[in-house]
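Please look over the sequence and the structure shown here before reading the briefing. The notes after it are meant for a reader who has not met this structure before.

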Amino acid sequence: MNTNEQTIHHFYSAFQQRDYAGMNACYDAEVVFSDMVFGLLNSQETRAMWEMLCKNAKDLTIRFDNIRLLDEEYATCDWVATYTFTQTGRKVVNRVKAHMRLKDGLITEHSDAFDIYKWSRQAFGLRGWLFGWTNFMRNRIHINAKKRLLGFMEQQ
């Protein structure tokens, strides 16, 4: 395994243990992150997001595989999170494709891609089925997630 593969493996192994400090140790000081729920996050927000998710997870399980090095800097990894969405108590199985840029063995850019409509159907049930595909619902999901993250950061 080369250095970049080791970093990605360490990141997701730490995630399996809900070890946000171990996850954050894999990031460059100026990392940026984005996904369909939280949007674009700076380094401080990214680190707080993983801490919040790990601390609030009651029944989170993580599986990862298919780490692919695309070149010297870029890599992808498939991962699956299974958990209960705390806002609704509904079970979610989220299949994610991570895209990462690495430099000197640290992740500098990280984006997670997944089907937000599929996620919203699982997380919100009928409301997700009816409205999860709309920009209105997607914006509400993003606004609420960012509000929870900023509230968490204020408490720390």
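The points that follow are grouped into the sheet, the core, one helix and the cysteines.

This is a predicted model, in which local features need pLDDT of at least 70 and side-chain atom pairs count only at pLDDT 80 or more, while totals for chains, interfaces and linings use all residues. Residues are numbered from 1 along each chain as its sequence is written, and side-chain values use heavy atoms, with hydrogens and water left out. Helices (H or I, at least four residues) and strands (E, at least two) are DSSP runs, numbered from the N terminus.

**The sheet and helix H1**

- Six strands form an open sheet in the order S2-S1-S6-S5-S4-S3 with mixed pairing, where two strands pair if DSSP finds at least two bridges between them.
- Strand S2 (39-41) and strand S3 (61-69) are the edge strands, each pairing on one side only.
- S3 pairs with strand S4 (residues 74-85) in the antiparallel sense over seven bridges, and Phe64 stands opposite Trp79 in S4.
- Helix H1 (residues 3-16) lies across strand S1 (27-35), S3, S4, strand S5 (90-103) and strand S6 (106-113), and runs at about 170 degrees to S3; axes are lines fitted to C-alpha atoms, for helices over the stretch in contact, and angles run from 0 to 180 degrees between N-to-C directions.

**The nonpolar core**

- The largest nonpolar core (buried Ala, Val, Leu, Ile, Met, Phe, Trp, Tyr and Cys residues joined through side-chain atoms within 4.5 Å) has 45 residues, of which Phe11, Tyr12, Phe15, Trp79 and Trp119 touch the most other members.
- Leaving aside neighbours within four places in sequence, Tyr12 is in contact (heavy atoms within 4.5 Å) with residues including Ile62, Phe64, Cys77 and Trp79.

**Helix H4**

- Helix H4 (116-124) is mostly covered, with seven of its nine residues buried, where buried means under 20% relative accessible area with a 1.4 Å probe and protein chains only.
- The buried residues of H4, among them Trp119 and Phe124, pack against S4, S5, helix H5 (126-131) and H6.
- At the start of H4, a side-chain oxygen of Asp115 comes to within 3.0 Å of the backbone nitrogen of Tyr117, and just after H4, Gly125 takes a positive phi of about 65 degrees.

**The cysteines**

- The structure holds zero disulfides, a disulfide being a pair of cysteine sulfur atoms within 2.5 Å.
- The sulfur of Cys26 is 12 Å from the closest cysteine sulfur, in Cys77, and therefore too far for a bond.
- Cys26 is buried, with a relative accessible area of 4%, and Cys77 is buried at 0% relative accessibility.

Key
Buried means under 20% relative accessible area, exposed over 50%, partly exposed in between (1.4 Å probe, protein chains only). A polar contact is a pair of N or O atoms within 3.5 Å; within protein, one must be able to donate a hydrogen and the other to accept it, and residues adjacent in sequence count only if both atoms are side-chain atoms.
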